[in-house]
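Visitor: Hi, I have a structure open and some questions about it. Could you walk me through a few spots?
Guide: Happy to, let's pull it up.
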Amino acid sequence: MSTGRLDFGTEEFYDEDDLIELDETADARTLADFDAQALDEDAEALAIAERLRAARGGADDPHVEGGVRLQKVLARAGVGSRRACEGLINAGRVSVDGVTVAEPGVRVDPRSQEIRVDGSRVLANPDLITVVLHKPAGVVTTMDDPEGRPTVAEIGRRWVAEHAEELADPGSVRLVHVGRLDTDTEGLLLLSNDGELSHRLMHPSYEISKTYVAIVEGAVEPWVPRKLKRGIELDDGMASADRVVVKDSGPGGSIVELTLHSGRNRIVRRMLAAVGHPVVRLSRTRIGPLGIGSLRPGQVRALTGQEIRALQAEVGL
């Protein structure tokens, strides 16, 4: 073995079978076809990432080169302290893109990968937002209104602008109403850009309970709650309440609280009118495990991690 200066010499580092040669007579179409087979920059970057992943632990390895450490992502999402999150990972209770992770050093992309703890989804993307609004009466539940009335979309845009510093890309955050409230109805309304959570909360198959408090005309007789729970025949079919509580009753009017699963249009107003008690004022106070609390009309706040997890559990996310 020579101890002189090493160099690569003239030996080629590829097999002849790997080469595709074009002779000088190749026409423009042949050259274009050859170029079309080359990877663009994005495809090349993806191929390199896949090779790195495969080299590290196989095609299913969720590790992302240049990503954020998994325990740090979990801690930021409010799952627990970084030390506690390391314990969850070591215990095999954390998965990324469906793959159980047992190494705290794994790096992930919180904006694109699905992270779960004990099967429950963790919202690690800082720009995936769900807020609760106490919708005032007179505000329409639409993204825009040709009549120029105030909309919940305007309230959502204002919240995003006020919290822009907390978001990674505030320009891309567009909050959409989850379900609807009538223009004259006030109370709890969710605004979100979390498509999966929104879809499930609105889908009839998940039957999320909703609680309303209504001020109605007249004194409510004892038979009324029983009738509402047994069911009322309306134009579009039967409707029934899960729970009815008369909070106050008198000749000048009554206060009735109803909980039901139906999301049909103006269902509470129609049910109460059917038993002889037209609604004077109506407010939604609860959706599933989430209550409106002390939020005043027009106020908005982001849901806590615990509230998000409770809603996700309600719809099996």
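Visitor: Which side chain of opposite charge is nearest to Arg284, and how far away is it?
Guide: That is Asp182, 9.2 Å away, and Arg284 is buried yet has no salt bridge. Buried means under 20% relative accessible area, exposed over 50%, and partly exposed in between (1.4 Å probe, protein chains only). A salt bridge needs a side-chain nitrogen of Lys or Arg within 4 Å of a carboxyl oxygen of Asp or Glu. For charges, Lys and Arg count as positive and Asp and Glu as negative, while His and the chain ends are not counted. Keep in mind that this is a predicted model: local features need pLDDT of at least 70, side-chain atom pairs count only at pLDDT 80 or more, and totals for chains, interfaces and linings use all residues. Residues are numbered from 1 along each chain as its sequence is written, and side-chain values use heavy atoms, with hydrogens and water left out.

Visitor: OK, so what does the side chain of Arg284 make a polar contact with?
Guide: The side chain of Tyr212, at 3.5 Å. A polar contact is a pair of N or O atoms within 3.5 Å; within protein, one must be able to donate a hydrogen and the other to accept it, and residues adjacent in sequence count only if both atoms are side-chain atoms.

Visitor: Where in the fold is Arg284 found?
Guide: In strand β15, residues 279–287. Helices (H or I, at least four residues) and strands (E, at least two) are DSSP runs, numbered from the N terminus. Leaving aside neighbours within four places in sequence, Arg284 is in contact with residues including Arg180, Glu186, Lys210 and Ile292. Contact here means heavy atoms within 4.5 Å.

Visitor: Switching to helices: which residues of α4 are buried?
Guide: Cys85, Leu88 and Ile89, in a helix that runs over residues 82–90. They sit on the same side of α4 because they cover an arc of only 100 degrees around the axis. That arc is taken from the directions from the helix axis to the C-beta atoms.

Visitor: And what is on the other side of α4?
Guide: Arg83 and Asn90, which are exposed there. The buried residues, meanwhile, pack against α3 (70–76), β2 (94–96), β3 (99–101) and β5 (115–117). Just after α4 comes Gly92, with a positive phi of about 75 degrees.

Visitor: Which residues of α8 are buried?
Guide: Ile267, Val268, Arg269, Met271 and Leu272. Their cover includes α7 (223–230), β14 (253–260) and β15. Gly276, just after α8, takes a positive phi of about 85 degrees.

Visitor: Back to charges. How many salt bridges are there by this rule?
Guide: The count comes to 13. One of them joins Arg121 and Asp194, with the closest N and O atoms 2.7 Å apart. That pair links distant parts of the chain, 73 residues apart: Arg121 is in strand β6 (120–122), and Asp194 is in the loop between β9 (186–192) and α6 (195–202).

Visitor: Is Asp194 buried or exposed?
Guide: Asp194 is buried, at 2% relative accessible area, and Arg121 is buried too, at 10%. Another salt bridge is between Asp236 and Arg264 (2.7 Å, N to O). There, Asp236 counts as partly exposed at 42%, and Arg264 is partly exposed at 27%.

Visitor: Which residues do salt bridges with shared partners join into one network?
Guide: Asp145, Glu147 and Arg149.
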